[in-house]
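Trainee: I would like to go through this structure and ask what the terms rest on.
Mentor: Go ahead; here it is.
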Amino acid sequence: MELGLTDLIDPRLLPLVDASRAFYAKRVAGRGPSGWEELRAVRADAPAPAPSQPPAVEEVVVSDGRRVPLRIHAPVGRAATGVYLEIHGGGFYMGSAAGSDVRNRRLADALGVAVVSVDYRLAPEHPWPAAPDDCETAALWLVEHAEDRFGTARFSIGGFSAGATLATTTLLRLRDQGISALDSAVLQFGTYDLSAQTPAGRLIADEYFLDAYAGAASDRTHPDLSPIYADLTGLPPVLIVVGDADILLQDNLAMAARLSASGVDVDLRIYPNSPHGFTGHPTPMARAAHDDMQRWLNGHPRPSAGGSRHE
């Protein structure tokens, strides 16, 4: 098997490179806030999220005594064929579930699934483990209520950037509780080493979001904080989406290798001339990635309708 980076890129994507190159030539590369004061200013200046039509249903749910707000996009005019738990990005310290409304509505319409987005607490006001606690609460509520609420036990999870990290942590937490309800996961360019000790992790060692999210954690290699260090066995099939110009490319390659070595079914998709966050940009490459994710989710239903929720 050839493992050069170019060998991992689907040739059908190459005709889209020129459009991506033209888009990014006019776009200044961004960088996250460098401290609390800058973060507050960025939050204050952020525009209100675009609304979806129809709008999301807002609901606060409770599982195991913990409460978390959700935003729910159900298919219009038809029964849901599955549930997709979406975890938004934003470096663990920015963003909101509402910011994903338009994308999640499109996904609900395209796949006929109920898309549920969790409004987890943000760092640094609420450092780890607040965000994974909230994501776990949302997942546990869906494990218990998805079939009654949406008429389907088919259940997938996914996330964008920090959301991919939290999705991975959620998978691991449910596995450790003997819960096997999740059919698949779509992880878009997550960061998996928040200790900045791996070669990939060192590339982002000076980023403020690491300190904001980790807070007072004494060991940032804790698997719940940095899932690259986790036991990854027993997870459902995973699609990893990342651009070849992403600073987190090496982190995602390392996670794909560790998942594969742990016996997990991994589909690694690398998109040429694409930086971090590219699936949120208006390019043909982003549209191709979204089409790939939708096709992949459609191809990973639960093997049998009566599949067990607990091992």
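Mentor: Start with a crossing: H4 passes H5 in a right-handed crossing. The model is predicted, so local features need pLDDT of at least 70 and side-chain atom pairs 80 or more, while totals for chains, interfaces and linings use all residues. Residues are numbered from 1 along each chain as its sequence is written, and side-chain values use heavy atoms, without hydrogens and water.

Trainee: What makes a crossing right-handed?
Mentor: The near helix is turned clockwise from the far one by less than a right angle; anticlockwise would be left-handed. H4 and H5 meet the right-handed case.

Trainee: Which residues make the contact?
Mentor: Contact means heavy atoms within 4.5 Å. From H4 the residues include Ala 131, Cys 135 and Leu 140, and from H5 they include Leu 166 and Arg 173.

Trainee: Why is H4 called oblique to H5?
Mentor: The axes of H4 (residues 130–150) and H5 (residues 162–176) come within 9 Å and cross at roughly 60°. That makes H4 oblique to H5, because angles under 35 degrees count as roughly parallel, over 145 as roughly antiparallel, 65 to 115 as roughly perpendicular and the rest as oblique.

Trainee: How do you know that Arg 31 and Glu 207 form a salt bridge?
Mentor: The term needs a side-chain nitrogen of Lys or Arg within 4 Å of a carboxyl oxygen of Asp or Glu. For Arg 31 and Glu 207 the N to O value is 3.6 Å, hence a salt bridge. The two residues are 176 residues apart in the chain. The whole structure has 22 salt bridges.

Definitions and conventions:
Axes are lines fitted to C-alpha atoms, for helices over the stretch in contact, and angles run from 0 to 180 degrees between N-to-C directions. Helices (H or I, at least four residues) and strands (E, at least two) are DSSP runs, numbered from the N terminus.
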